[in-house]
Structures are given as structure tokens and as C-alpha cells.
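Subject: Structure for your review

Dear colleague,

Please find below the structure that I am handing over to you. The findings follow directly after it.

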Amino acid sequence: MAKSKVTREAQAPIEDVADEDSPIDDAMEAIDTSQGDDRRPYDPNQIRTKKIDPTVSLLMGKLDAEELDLALDFQRNAGLWDNGKRSRLIESLLMRIPLPDMYFDELPAKEGMDTRYGVIDGIQRLTALAHFINEKDEDKRLKLSGLEVLTHLDGKTFDGKNGLDSALQRRILNTQFVAYVFEIGTPSDIKLNIFKRLNTGGVNLTPQEIRHAMNPGPVRDLLAEMAKVPAFAEAVGELTAKRMNLRMEDREWACRFLAFVDGGQERYEKSKTDFDGFLGETMRNANRMSPASLKKLKERYERALQTAHACFGDVAFRKPGAKHGPLNKALFEATVVALDERTDAEHATLKKRRDKLQEAYRNKFEDKENLAAVSLATSDATRVKRRFDALRNVVAEALA
């Protein structure tokens, strides 16, 4: 088989911290993102699934043919297992121990390709197998280590001079997995809800990681680039930015900006999905935009972040009176969108009037309803509107 791409080493996950006294670069507020009474139920009859039983050989072939999308730019997810855990997976296959089911998302067909799948649950197992079977670089391929039963195989590779014998190779390649496929035609918001329900293992995907897996295309690169703009790290703090990157939290914040610019608030009020589904819809819409339009959105995002940091400094995206309190994503989306709507000249004025802007900000959130709009049931459409109106008014008052 041809050489396949391999994944990054594991990194520690980021944690959401709600302690108001947390260090400025070490906290994000765990806000209530429930929908309130707007639960937006869906019709279970729209769920379309099928069960398949692919062999390891078939899956490795599809991986080489780019018919299996592992979303390899996951910062956290794709390289979480160490070599010991990967080796014990191989040991389980050799011992014929049944493994948990996988879950795939069927992707649109491409010319010259067989059926394509995005992997939602099973990335660690498939990544381990790819390191063992497909990798031809001697320095990178997996050598079995830390085996618990078949200890005589420690140090073995899949094939080659120090490889397994042909019978054991066939045993691995002929092993069948059980995989459940969510077929094309199942609404995306329903699939997202299902994947969240299934996401109960020891290492859970974040909602943005699930959206990332479900939406291959230019939007992945856009969100990654938006997360890396220097103004983001300046606004939230270098350490926080690095930690957010591990679990795609920074990409979710960028996605929230895309969701609410250019009339996004009104789109959300009219949407037939919940907040997570709305962000997924945002990613699908971005995939249909031109490269020039995507580049412009990135530039607008950076401009808004630069002004937010210049005007608010260490209190940017934090509740008034909580300089060393946690970052609040509801405040973030409302602030960057309110700033995006203003001209370059108005941005210059706001920077000169930063004291007036901060005073208006503090006064606005003395109102309990405004404060609740960034704290409780923050995905409720009424509260989304209230916080966006509040931040727009703060900016308007500073410019008056």
C-alpha cells in the first residue's frame, strides 16, 4: 500500500473554567448554552442509517484512496493515543477480541472514487492501524510495544525484515469492524444531535470537532487561519489561545463570528435548527463562498479583534468588573460583530474614546436582563438579540 499521512502527537486537552478569580490567560466561562423553551424537535423518520462490516484491508485501502476522511488536522483528536495504546489495539485484533462499533458520515460522491465516509467515531483506531500498516517510513511506522499478552511480538512491525509473519498479517487485514453510516439525506442538524448523543466515550469530541468532521472543504482552512491571526492571541491572551487551539475552541469562536455577521442574528431567529446546528449550517454556507469572499471575512475578523483589544485591553470579552475573570463566548460574538459593523474611521474614534466605551459597557451590563443574555440560556433567540442590541448600543454611545 502507498504511504499514508500520519497524525500529530497527543496534547493535553483544554478545560473550561468558570471561577471568577481565575488567571486572565487560564480561564473561559462555562456559560449556559441551552435553548430555553425553544427545543426545536426533529422528526426521527428523517434518520437514514445503514450498517456495514468493512475489513481492515478495505478501510486502509479507502484511506490511501482518500475515500476515508479522518479530519487529520484535528489538533487533539487525531494523535491522542500513544504507541503503547496503539500497540494494544493491534494485539486485540491478533487475539480476535471484538472492538467497539464505528460511526461514519457518508460524504458526497467524487468522480473516480468509491463511496466516501467522514469518520466521526473511530479516528483513534484507524489512525493506529494506518501507523502500523500503511506507513512505510521506518522511522515513523509503529513498532509494537507494551503488549500485555503477546509479549513475544514486542518490537515487531507489520511487514518487512522485522515484520509479523504472513498469517498474522492476514489475520489483521481480514478483521471486520462494525460501522454505522449516516447516509446522505439525513439532515445535518439531526446528524449533529445524534453524534452528540453517541459521544459518551472516555475521550469526547467537542461540538466544533464534530462540525469539523462533518464539513470538509475550504471552511476548515478558513477557520484554522482565523484562529491563527495574531490579533486573536492578543485579545484573549497567548496562553489561552494556545490552549483553545488544542480542542478547536478557537475555531468555534471564529465560526461564531461567521455565523452572526451580515444579518446572522436575523438568520438565527428564522432558522429551524438549534445553535449547534446553526453553526454547522454556517460552515456549509461558507464552503459555497468564493475564495475572495472568505479572505475578506478573515480580514474583517482580524480588524474587529484588533479594535476589541485596543479598546478593552485585559477586560475584552469578560463581564464588567471581572478583569481577571473568565472569557465569555457570548460576549465575544456580540462584541466582534458590533465592531465589524463600524467603519475604519469609527474604529479610530473608538480607540480614542476607549474610556467612554468601557463606561458604556459597564453601565449596559448593570441591567440584569443584559447580564442574563450572556450567562443563561444564551442560545435562546430572544437573548441572542438582547446581547447583540446591547453591544451595538454600547458602541453607538461611545461614538455619540
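Outside its neighbours within four places in sequence, Asp 69 is in contact (heavy atoms within 4.5 Å) with Leu 107, Tyr 117, Gly 118, Val 119, Pro 216 and Arg 220. With the last of these, Arg 220, the contact is also polar, side chain to side chain, at 2.9 Å. A polar contact here is a pair of N or O atoms within 3.5 Å; within protein, one must be able to donate a hydrogen and the other to accept it, and residues adjacent in sequence count only if both atoms are side-chain atoms. Asp 69 has a relative accessible area of 18% and therefore counts as buried. The classes used throughout are buried for under 20% relative accessible area, exposed for over 50%, and partly exposed in between, with a 1.4 Å probe and protein chains only.

Before going further, please note that this is a predicted model, in which local features need pLDDT of at least 70 and side-chain atom pairs count only at pLDDT 80 or more, while totals for chains, interfaces and linings use all residues. Residues are numbered from 1 along each chain as its sequence is written, and side-chain values use heavy atoms, with hydrogens and water left out.

Strands around Asp 69

Asp 69 belongs to strand 2, residues 68-69. Helices (H or I, at least four residues) and strands (E, at least two) are DSSP runs, numbered from the N terminus. Strand 2 and strand 4 run parallel and are joined by two bridges; strands are taken to pair if DSSP finds at least two bridges between them. The bridge partner of Asp 69 in strand 4 is Gly 118. Strand 4 also has five bridges to strand 3, and these two strands run antiparallel. Here Asp 105 stands opposite Gly 118. Strand 4 covers residues 116-121, and five of its six residues are buried. From C-alpha to C-alpha, Asp 69 is 9.3 Å from Ile 120, although 51 residues separate them in sequence.

The chain as a whole

The protein chain has 18 helices and five strands. Of its 400 residues, 52% are buried. Among contacts with a separation of 6 or more, 75% are between residues 24 or more positions apart. The accessible surface is about 18,300 Å², with 48% of it belonging to carbon and sulfur atoms; these areas come from the Shrake-Rupley method with a 1.4 Å probe, and for residues only the protein chains shown count as cover.

Salt bridges

Side chains of opposite charge can pair when their charged atoms come close. With a salt bridge defined as a side-chain nitrogen of Lys or Arg within 4 Å of a carboxyl oxygen of Asp or Glu, the count comes to 25.

Arg 141 takes part in a salt bridge with Glu 138 (3.2 Å, N to O). Glu 138 is partly exposed at 45% relative accessible area, whereas Arg 141 is buried at 6%. Arg 141 also forms a salt bridge with Asp 159, where the closest N and O atoms are 2.6 Å apart. Asp 159 and Arg 141 lie 18 residues apart, both in the loop between helix 3 (123-134) and helix 4 (166-173). Asp 159 is partly exposed, at 22%.

Another salt bridge joins Asp 262 and Arg 300, with 2.9 Å between the closest N and O atoms. This pair links distant parts of the chain, 38 residues apart: Asp 262 is in the loop between helix 10 and helix 11 (264-270), and Arg 300 is in helix 13, residues 291-312. Asp 262 is exposed at 54% relative accessibility, while Arg 300 is buried at 19%. In addition, salt bridges with shared partners connect Arg 211, Glu 249, Glu 252, Arg 256, Asp 276, Lys 329, Glu 333 and Arg 387 into one network.

Backbone and cysteines

Most residues other than glycine have a negative phi, and most peptide bonds are trans. Arg 96, which is not a glycine, has a positive phi of about 60°. Arg 96 sits in the loop between helix 2 (83-94) and strand 3 (102-107) and is exposed, at 61% relative accessibility. Met 248 likewise has a positive phi, of about 65°, and lies in the loop between helix 9 (238-246) and helix 10 (249-260). Met 248 is buried, with a relative accessible area of 0%.

No disulfides were found in a search of the whole structure, a disulfide being a pair of cysteine sulfur atoms within 2.5 Å. Cys 255 is buried at 0% relative accessibility, and Cys 311 is buried at 0%.

Yours sincerely
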